[in-house]
Amino acid sequence: MTASNHRLAAAFSGLSGGTALIPYITAGDPLVTSTPALMHALVAAGANVIELGVPFSDPMADGPVIQRAGERAIAAGASLARVLDLVAEFRRQDDRTPVVLMGYANPIECMGRDDFVRRAAQAGVDGVLVVDYTPEESVDFAAGLSAAGIDPIYLLAPTSTESRMADVARLARGYVYYVSLKGVTGAGHLDTDDVARHLATIRRHVGIPVGVGFGIRDAASAARVATHADAVVIGSKLIQIIEETSLGDGPQAAVGAAAAWLADVRQALDHVQKGQP
């Protein structure tokens, strides 16, 4: 394996003890053509990394909010190939902010793993998280990504054993995504003390940054998680804002509403003191 992708490494090294803010959005929602503008707006609002969801018809880990976003995106013509085009379009104006693709194996298998890696590198993708690629099934894929300068990113969950943490540590680059709740996105109640206990265990095995997602729905919950995590990942609530605003006032207004909400989260994170309750 090679060193971490330079943009992701720079994003985390530049935090000076702060917490990275990683918004998740579904590529193609509310419109395919509005996705690059939304990405730029989120960066201006304080995002350190963008997680760009690749729409898929059978998203096993996604709750209803993100499922609806995927359905809208697919109906609008979003596909893996189109998502890579959107990343390339974003890169024409922003060569600094890391972009991580998050999705499922099926679209990658349909494109072909090698072709996907090649095209992702050409587009300017920095990391790839495939929900249903386990470490033992993706050694070659992870090596191919790393060789192309793309970080393979993996999930850990409250049910992950220490053996699985060690498996992930051997392959993961960039950061590890800790799913703080059992179940799908947008579900459950976030227990910050429980998150802290699991992060302590994960860090005994994982030497790269650990981001926390699932269950973070406002600036206050983001700030609580940020006292322990290296990054906060926010998806369902952000997409809900995009959905509601787009239906009421249109896609352009949705971009502004999403950025304004994320800016409030950024402000909360900037006041967090690490290790404080």
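Colleague: Let's start in the sheet: how many bridges pair strand 3 (residues 99–103) with strand 4 (residues 127–130)?

Modeller: Heads up, this is a predicted model: local features need pLDDT of at least 70, side-chain atom pairs count only at pLDDT 80 or more, and totals for chains, interfaces and linings use all residues. Residues are numbered from 1 along each chain as its sequence is written, and side-chain values use heavy atoms, with hydrogens and water left out. Helices (H or I, at least four residues) and strands (E, at least two) are DSSP runs numbered from the N terminus, and two strands pair if DSSP finds at least two bridges between them. Strands 3 and 4 run in the parallel sense, with Leu-129 as the bridge partner of Met-102, and the number of bridges joining them is four.

Colleague: Which strands stand at the edges of the sheet?

Modeller: The sheet is open, has nine strands with parallel pairing, and follows the order 5-4-3-2-1-9-8-7-6. A strand at the edge has a single partner, so one of its sides is left without a neighbour in the sheet. That describes strand 5 (151–153) and strand 6 (155–156).

Colleague: Which residue in strand 3 stands opposite Leu-52?

Modeller: Strand 2 (residues 50–53) and strand 3 are parallel and share four bridges. Along that pairing, Glu-51 stands opposite Val-100. For Leu-52, the residue opposite is Leu-101.

Colleague: Is strand 3 largely enclosed or left open by the rest of the structure?

Modeller: Take "buried" as under 20% relative accessible area, "exposed" as over 50% and "partly exposed" as in between, using a 1.4 Å probe and protein chains only. Val-99, Leu-101 and Gly-103 on one side of strand 3 are buried, and so are Val-100 and Met-102 on the other. Five of the five residues are buried, so strand 3 is largely enclosed.

Colleague: What is the handedness of the β-α-β unit made by strand 1 (residues 20–26), helix 2 (residues 35–44) and strand 2?

Modeller: The two strands run parallel and are joined by three bridges, with Thr-26 opposite Gly-53. To judge the hand, point the strands away from you: a clockwise path from the first strand over the helix to the second counts as right-handed. This unit is right-handed.

Colleague: Which residue in strand 9 (residues 231–234) stands opposite Val-212?

Modeller: Val-212 sits in strand 8 (residues 210–213), pointing the way Val-210 does, while Gly-211 and Gly-213 point the other way, and all are buried. Strands 8 and 9 pair in the parallel sense over two bridges. Opposite Val-212 is Val-232.

Colleague: Which residues of helix 1 (residues 6–13) are buried, and why do they line one face?

Modeller: The face turned away from the buried side carries exposed His-6 and Ser-13. Looking down the axis, the buried residues fall within an arc of 130° (taken from the directions from the helix axis to the C-beta atoms), so they line one face of the helix. They pack against several elements, including strand 1, helix 4 (80–91) and strand 9. The buried residues are Arg-7, Leu-8, Ala-11 and Phe-12.

Colleague: Which residue caps the N-terminal end of helix 1?

Modeller: The cap uses a side-chain oxygen that lies 2.9 Å from the backbone nitrogen of Arg-7. The residue that supplies this oxygen is Asn-5.

Colleague: How many residues does helix 12 (residues 251–269) give to the largest nonpolar core?

Modeller: A nonpolar core is a set of buried Ala, Val, Leu, Ile, Met, Phe, Trp, Tyr and Cys residues joined through side-chain atoms within 4.5 Å. The largest one here has 75 residues, and Phe-116 is one of the members touching the most others. Helix 12 gives the largest share of this core: nine residues.

Colleague: What is the relative accessible area of Leu-31?

Modeller: Leu-31 lies in the loop between strand 1 and helix 2. Its C-alpha is 16 Å from that of Phe-56, and the two are 25 residues apart in sequence. Leu-31 is partly exposed, at 38%.

Terms used:
Contact = heavy atoms within 4.5 Å. Polar contact = N/O pair within 3.5 Å; in protein donor to acceptor, adjacent residues only side chain to side chain.
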